[in-house]
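Welcome! This short tour is for anyone meeting this structure for the first time, and it goes from one spot to the next at an easy pace.

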Amino acid sequence: MTAIAEAVRAGELPGRVWMYSNYHCNLACSYCLTESAPKVSKRELTSEAMIGVAHDAADLGFTALGVTGGEPFLLPDMAHRLAELGSILPTVGLTNGTLFTGRRLDAAEELAGTDVALQISLDSADPDVNDAARGPENFAKVVAAIPALVERGVTVRIATTGQDPDAVAAARLCALHRDLGVPDEDHVVRPIINRGRAAEAGMGVDVTESDLPAELTVTADGAFWSPFGPTVVAGQLDTDLLLTRTTVPLRVPAQTLLGLLQGRPAGADSTLNIR
Ligand code: SF4
C-alpha cells in the first residue's frame, strides 16, 4: 500500500482529487471564485491529461474524483470524459446546469447508471434572488434541466451557495429540490468564500488553508491545496495555495500535500461544509 493510500485510509488525507477542466463559463456569477466568464483565459486540461490524473489517483490510493471549472460542459466531450473518469473512480462533476438542452442533454444520458453525479448550483427557490447572483434566466434553466437529467437516470446533487438564508427561504428551497427529484442527502449548502470575484466585491467568509479541505487539485497551471486554491483575482491566478507546478506524475504534488498535512490530526481540515 502506498503512503498516500495509508493516509487516505487513516483520514489524514482527503480521498478526492479535483481537476479544473477549464476556467471559462457562460455565466459570470457575482461570487465566482475564478472570475469566470465567457471570454476569460480557458486554461483547459485535455481529456488525456484528465484520464491520466484519474489513473494516477487510483494507483496512488485516492478514492474519488471531482471536476470543476469554469463551466465544464462548455467542453463538448465533457459527458464522455466524466463517464470515463467514473469508470476509474467515483466522480462528481460540478456544473451550473444551464447548458442541458438539445445535444448536450442527449450526451448527458451517457452518465446514467455510471458512478458519476452532477452537482448543479441553485441558490434560492426565489427566481429573483437566485438570478441576482447567477444571471438572468438562470433559475428557469436550472429547474428545467434537473428533472430532465433525473428522468434520464443521471444522478443529480444540488449545491447552494449563500450566507445564512432564513428558515422560510431554506424550507422553500428544500421543498423545491425534492420536487425536482433531488433528495435531502444530495443537497449541500456552503458559504460564499472570500476569494476571486467575491473578494473584489467584499463578499463572503475569510478562510485560511486550515479552513479548506486539503483535497489535491490539479489545474493547467499546477497542483493546489483544495479546489478553493486556484482562484483568480483581477485576471491573475492566486498562488498562495499552490503546491507544485508539476502535476505529472501525480505522486509529486500528492507527496508534497501529504508532507504538509503530516502532524495535523485526522479530520482537522474543514468545518465549512465546502467540499
Ligand atoms: S460560479 Fe460557476 S457558474 Fe458562476 S461564473 Fe463561476 S464558474 Fe460559472
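E35 is a buried residue: its relative accessible area is 12%, and anything under 20% counts as buried. Please keep in mind throughout that this is a predicted model. E35 belongs to the loop between β1 (16-20) and α2 (47-60). Its backbone deserves a look too, since E35 has a positive phi of about 50° without being a glycine. R43 is another residue of the loop between β1 and α2, and R43 also has a positive phi, near 45°, while not being a glycine. Why point these out? Most residues other than glycine have a negative phi, and most peptide bonds are trans.

That brings us to the peptide bonds. Between G69 and G70 the bond is cis, with omega at about 25°. You can find G70 in the loop between β2 (64-68) and α3. A cis bond also links V248 to P249, and here omega is near 0°. P249 sits in the loop between β11 (242-244) and α9 (251-261).

**Around the ligand**

Where does the ligand sit? Its place is the largest cavity. The residues around the ligand are C25, L27, A28, C29, C32, S36, G70, N96 and R134. Sorted by class, this shell has five nonpolar residues, three polar ones and one charged one. G70 of the cis bond with G69 is thus met again here, as one of the residues around the ligand.

**Two strands**

Next, let us visit T95, which is part of strand β3 (residues 91-95). T95 has a relative accessible area of 4%, so it is buried. The side chain of T95 makes a polar contact with the side chain of E71, at 2.9 Å. Apart from neighbours within four places in sequence, T95 is in contact with E71, F73, F100, L118, Q119, I120 and S121.

One name in that list leads us onward: Q119. Q119 lies in strand β4 (residues 116-121). Is Q119 buried or exposed? With 7% relative accessibility, Q119 counts as buried. Leaving out neighbours within four places in sequence, its contacts are V92, G93, L94, T95, R157, A159, V188 and R190.

**Out in the open**

Now for two exposed residues. P136 is in the loop between α5 (127-134) and α6 (138-151). Its relative accessible area is 72%, and a value over 50% means exposed. S87, in the loop between α3 (78-86) and β3, is exposed as well, at 62%.

Each of these two also gives a distance to try in the viewer. The C-alpha atoms of P136 and C32 are separated by 16 Å, with their positions 104 residues apart along the chain. C32 is one of the residues around the ligand. For S87 and A201, 114 residues apart along the chain, the C-alpha atoms are separated by 40 Å.

Here are the accessibility values from this tour, side by side:

| Residue | Relative accessible area | Class |
|---|---|---|
| T95 | 4% | buried |
| Q119 | 7% | buried |
| E35 | 12% | buried |
| S87 | 62% | exposed |
| P136 | 72% | exposed |

Note on methods. Residues are numbered from 1 along each chain as its sequence is written. This is a predicted model: local features need pLDDT of at least 70, side-chain atom pairs count only at pLDDT 80 or more; totals for chains, interfaces and linings use all residues. Side-chain values use heavy atoms; hydrogens and water are left out. Helices (H or I, at least four residues) and strands (E, at least two) are DSSP runs, numbered from the N terminus. Buried means under 20% relative accessible area, exposed over 50%, partly exposed in between (1.4 Å probe, protein chains only). Contact means heavy atoms within 4.5 Å. A polar contact is a pair of N or O atoms within 3.5 Å; within protein, one must be able to donate a hydrogen and the other to accept it, and residues adjacent in sequence count only if both atoms are side-chain atoms. A residue is near a molecule or strand if one of its heavy atoms lies within 4 Å of it. On a 1 Å grid over the protein atoms alone, a cavity is a set of points where a 1.4 Å probe fits but cannot get out, and a pocket is an open set with protein on both sides within 12 Å along at least five of seven lines; lining residues have an atom within 4 Å of a point. A molecule sits in a cavity or pocket if more than half of its atoms lie within 2 Å of its grid points. Ala, Val, Leu, Ile, Met, Phe, Trp, Tyr, Cys and Pro count as nonpolar, Asp, Glu, Lys and Arg as charged, and the others, Gly among them, as polar.
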